[in-house]
Amino acid sequence: MRSENPGSVAERLTGRPVSGERRLSATLTEVTLDGGQVVMVKRGDRPGAVRAEAAGLRWLGDAGTVRVPAVYGDDAHWLVTERVPHGRPHRRTAARFGAGLAALHSAGAVAFGAAPPGGPGEAYIGLAPMRNTPGDDWPRWYAEQRVLPYLRRAVDDGVMRATEAAVVERVCERLPELAGPAEPPARLHGDLWNGNLLWDADGQAWLIDPAAHGGHRETDLAMLHLFGCPHLDLILEGYQHTAPLADGWSDRIPLHQLFPLLVHTVLFGRGYAEQSLAAARATLTRGRRHGG
């Protein structure tokens with residue numbers, strides 16, 4: 001019930017009395033339970049958003065590879081989770097996180113685009129709708145379910161011109177030759193930018209706010225590159241030691257960044273449209289360099 005306050009929500013969903021609360025934003029509150037444990041209470045008003053996030057956290061946590069906040073309770077509008085103690089990124093744990101991320105991806109998914117068990121097909125990435133429609137061919141699925149829907153909306157909204165969109169459409173046409181070696185569906189966080197990677201008081205990395213689904217593991221890594229990430233070199237070192245990436249993976253980073261950049265285009269406007277076009281051109285240029 002949206003009319004409830006976060007404290008009463010925490011009490012209802014955890015079954016424990018509440019001794020205090022601290023509002024962090026319009027949608028997020030720290031609530032202290034009787035006994036001193038602090039939990040996070042998050043409100044989500046978009047249809048299916050809480051259900052998608054809760055299912056994603058459980059699915060990622062079930063792999064037992066990377067730290068993910070436990071889900072203590074959820075309903076149509078509210079989510080109660082474990083609180084991550086605030087800390088700073090630490091070099092000594094970055095490679096360990098990279099190894100854990102590789103193991104998480106290797107835990108797999110039933111198909112590209114598969115929603116987490118119990119999660120809705122109509123989900124979200126940030127504030128943007130994201131449809132989880134399963135497919136068995138990554139290049140076709142990525143074009144049809146992750147790139148083209150946001151490209152069309154960007155054109156419809158007037159943020160990108162149809163003549164500009166043609167370069168992204170060209171990438172989609174050539175995806176079978178640009179995608180690199182075929183890989184099985186990976187268990188993705190799905191929105192793995194630096195803001196969704198928290199470091200606790202012991203320097204351990206945690207994943208929050210997923211847009212979890214089955215996808216290509218290079219997509220998560222490309223998103224870590226997109227806005228910068230502390231100790232990314234060590235994260236990649238740990239990842240490569242655990243599950244080496246296919247040759248040419250770094251040249252495919254712009255291809256995998258097309259999806260989040262187009263999402264940002266429809267949410268935040270023209271600046272990201274230009275970044276999307278630059279990523280598309282870089283993908284085609286690197287494809288020609290490799291004979292694609």
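How many bridges join β6 to strand β7? The count is 4, and the two strands run antiparallel. The structure here is a predicted model, and this little pair makes a handy way in. β7 covers residues 128-131, while β6 spans 122-125. Together β6 and β7 make a hairpin with 2 residues between them. In that turn sits G126, with a positive phi of about 60°. Within the pairing, A123 has M130 in β7 as its bridge partner.

Both of those bridge partners turn up again in the lining of the largest cavity, which includes A123 and M130. By the rule applied to the model, there is 1 cavity of 30 Å³ or more. The largest cavity has a volume of about 60 Å³. Besides the two hairpin residues, its lining includes A52, G56, P116, G119, P120 and Y124, along with N132, P210, A211 and A212. Two elements, α2 (49-62) and β6, each supply at least two residues of this lining. As for chemistry, the lining comes out at 9 nonpolar and 3 polar residues, with no charged ones.

Turning to the open sheet, 5 strands build it in the order β1-β2-β3-β5-β4, and the pairing is antiparallel. β1 (18-23) and β4 (71-74) have just a single partner strand each, so they stand at the edges with one side left without a neighbour in the sheet. From one strand to the next, the twist averages 25°. In general, strands of a sheet pair through backbone hydrogen bonds, either parallel or antiparallel.

A closer look at the pairs fills in the detail. β1 and β2 run antiparallel and are joined by 5 bridges. E21 stands opposite V31 in β2. The connection between β1 and β2 is a hairpin with 4 residues between the strands. Next along, β2 and β3 pair in the antiparallel sense over 5 bridges, and L28 has K42 in β3 as its bridge partner. β2 and β3 also form a hairpin, again with 4 residues between them. G35 lies in that turn and has a positive phi of about 110°. Helix α1 (residues 6-14) lies across β1, β2, β3, β4 and β5, running at about 75° to β5.

K42 comes up once more at the largest pocket, where it is one of the residues nearest the centre, together with E53, N196, I208 and D209. The largest pocket has a volume of about 1,200 Å³, and 43 residues line it. The elements giving two or more residues to this lining are β2 (28-33), β3 (38-43), α2, β5 (78-82), β6 and α9 (253-268). α2 and β6 therefore need a second mention, having each supplied at least two residues to the lining of the largest cavity as well. By class, the pocket lining divides into 24 nonpolar, 9 polar and 10 charged residues.Finally, there is a helix pair to describe. Helix α4 (residues 138-156) and helix α5 (residues 162-173) pack at an angle of about 175°, with their axes 10 Å apart. The two helices are therefore roughly antiparallel to each other. On the α4 side, A143, V147, L148, L151 and V155 make the contact. Facing them in α5 are A162, A165, V168, E169 and C172. The residues of this contact divide into 9 nonpolar, no polar and 1 charged.

How values were computed: Residues numbered from 1 in each chain as written. Predicted model: local features only at pLDDT ≥ 70, side-chain atom pairs only at ≥ 80, totals over all residues. Heavy atoms only, no water. 1 Å grid on protein atoms, 1.4 Å probe; cavity = no way out; pocket = protein on both sides within 12 Å on 5 of 7 lines; lining within 4 Å. Points joined across faces, edges and corners; volume = space filled by probe spheres on them. Nonpolar A, V, L, I, M, F, W, Y, C, P; charged D, E, K, R; others polar. Axes fitted to C-alpha atoms, helices over the stretch in contact; angles between N-to-C directions. Parallel < 35°, antiparallel > 145°, perpendicular 65-115°, else oblique. Contact = heavy atoms within 4.5 Å. Pairing = 2+ DSSP bridges.
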